[in-house]
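Let's look at a ligand site and the pocket around it. Have the structure open and follow along.

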Amino acid sequence: MIDPDRLRRQFEAEYGEKPRLFSAPGRVNLIGEHTDYNDGYVMPMAIDRRTYIAGSARRDSRVLVRSLNIDSSIEFDLAHPGPTRRGSWIDYVEGTARALLERGFDIRGANLLLESDVPAGAGLSASAALELAVAYALASLGGATHLDRVQLALAGQAAEHHYVGTLCGIMDQYVAALGQSGIALLIDCRSLDFTPIPLQLGSACVLICDTRVKHELSSSAYNERRQQCEAGVVMLAAELGRDPPPRALRDVSEADLDACAGRMPPLIARRCRHVVTENARTLAAAAHLKRGDLLELGALMSASHASLRDDYEVSCAELDEAVAAASGQPGVYGSRMTGGGFGGCTVTVLEREAVDRVSAAITHQLESRFDKTPRFFATQACDGARED
Ligand code: GLA
């Protein structure tokens, strides 16, 4: 855990003035995977791991940032855009700053000192936490008093698209911007509205398992899945002959797909099936969670995992093993891979008293089969970006 007061003191020692403090969280997605870039539904929550930034405004247009995590500094000038895709963390920070300027935010130069306890590269959206902490800090230090959080999220996503080179959806940045304590967000990724779903967990909790594996494929396979979905929409529009035609897989029902799948390439049909059924599962899961029906929620989480594994093919042996090891245990409602896939984390909803037993069972399986020791985070739903 980060000690925000220590970060304040360190800033004061380095810059000789009192900073303002900002932070944004990582996230875990309960259900609704690979649906965001199909205009669909997702249900993530912000977690109790955050990126903190101590900062103060400068009189010029330079932004100086130092990370305590990797003991590294970057600098850029808002008046002179740097190159995109430098392959370092400057892409996230300068990309976000540029996107804020393009959206009309009045931002100025700043000194920023940052520290994070969102594990990097684990699939818990450390990059969105960084983007949103930067966005919130720069917009606030620029003098804004009312921040449009959706615009901040879009700025973070634009940094990924244009500076980092990842064609991600909006889920991670959205929940880092708009997360709320005690709730999951049912996000409509087309309208960019959300419905707050209170986490009615009773004696249960949310357990994240970081398998600590990351397969190389992830970003090329992610972009390939997006293209397959787009190709699917074009085929479905031609087959269905509807007016207006479907704009995204969000506009396609399971019955539509059943009617057309036989005339589509089987791989594309399977990709589409995952997205179409996952949207339906996500809406149903939100309704069950709202009622506190964890058995139904858990069954949908398990079905989501099977669909990601079999139809969307973004799971991997380690994730499948972690999910299988959890699913066999008493006290477990449901378990699935979470995030983009090809490694990273699983999310499990289970009784609190089962956490140690389930963690031990997963550890045993991953150690004996893959020689990998996972780490676990029992987490709660927390606030999105804020001034601390
Ligand atoms: C990554 C992306 C998100 C989303 C998930 C899959 O986390 O950043 O936009 O597409 O994968 O659900």
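Q: How do the residues of the shell around the ligand divide by class?
A: This is a predicted model, where local features need pLDDT of at least 70, side-chain atom pairs count only at pLDDT 80 or more, and totals for linings use all residues. Numbering runs from 1 along each chain as its sequence is written, and side-chain values use heavy atoms, without hydrogens or water. Shell members have a heavy atom within 4 Å of the ligand, and they include Arg27, Glu33, Asp36 and Asp172. With Asp, Glu, Lys and Arg as charged, Ala, Val, Leu, Ile, Met, Phe, Trp, Tyr, Cys and Pro as nonpolar, and the others, Gly among them, as polar, the split is 4 nonpolar, 4 polar and 4 charged.

Q: Which residue has a polar side-chain atom 3.0 Å from an oxygen atom of the ligand?
A: Polar contacts here are pairs of N or O atoms within 3.5 Å. Histidine 34 makes one through a backbone N or O atom, at 2.7 Å from a ligand oxygen, and glycine 169 does so through its backbone at 2.9 Å. The side-chain one, at 3.0 Å, belongs to arginine 27.

Q: What are the classes of the residues in the lining of the largest pocket?
A: The ligand sits in this pocket, meaning more than half of its atoms lie within 2 Å of the grid points. Using those same class lists, the lining comes out as 20 nonpolar, 22 polar and 6 charged residues.

How values were computed:
A polar contact is a pair of N or O atoms within 3.5 Å; within protein, one must be able to donate a hydrogen and the other to accept it, and residues adjacent in sequence count only if both atoms are side-chain atoms. On a 1 Å grid over the protein atoms alone, a cavity is a set of points where a 1.4 Å probe fits but cannot get out, and a pocket is an open set with protein on both sides within 12 Å along at least five of seven lines; lining residues have an atom within 4 Å of a point.
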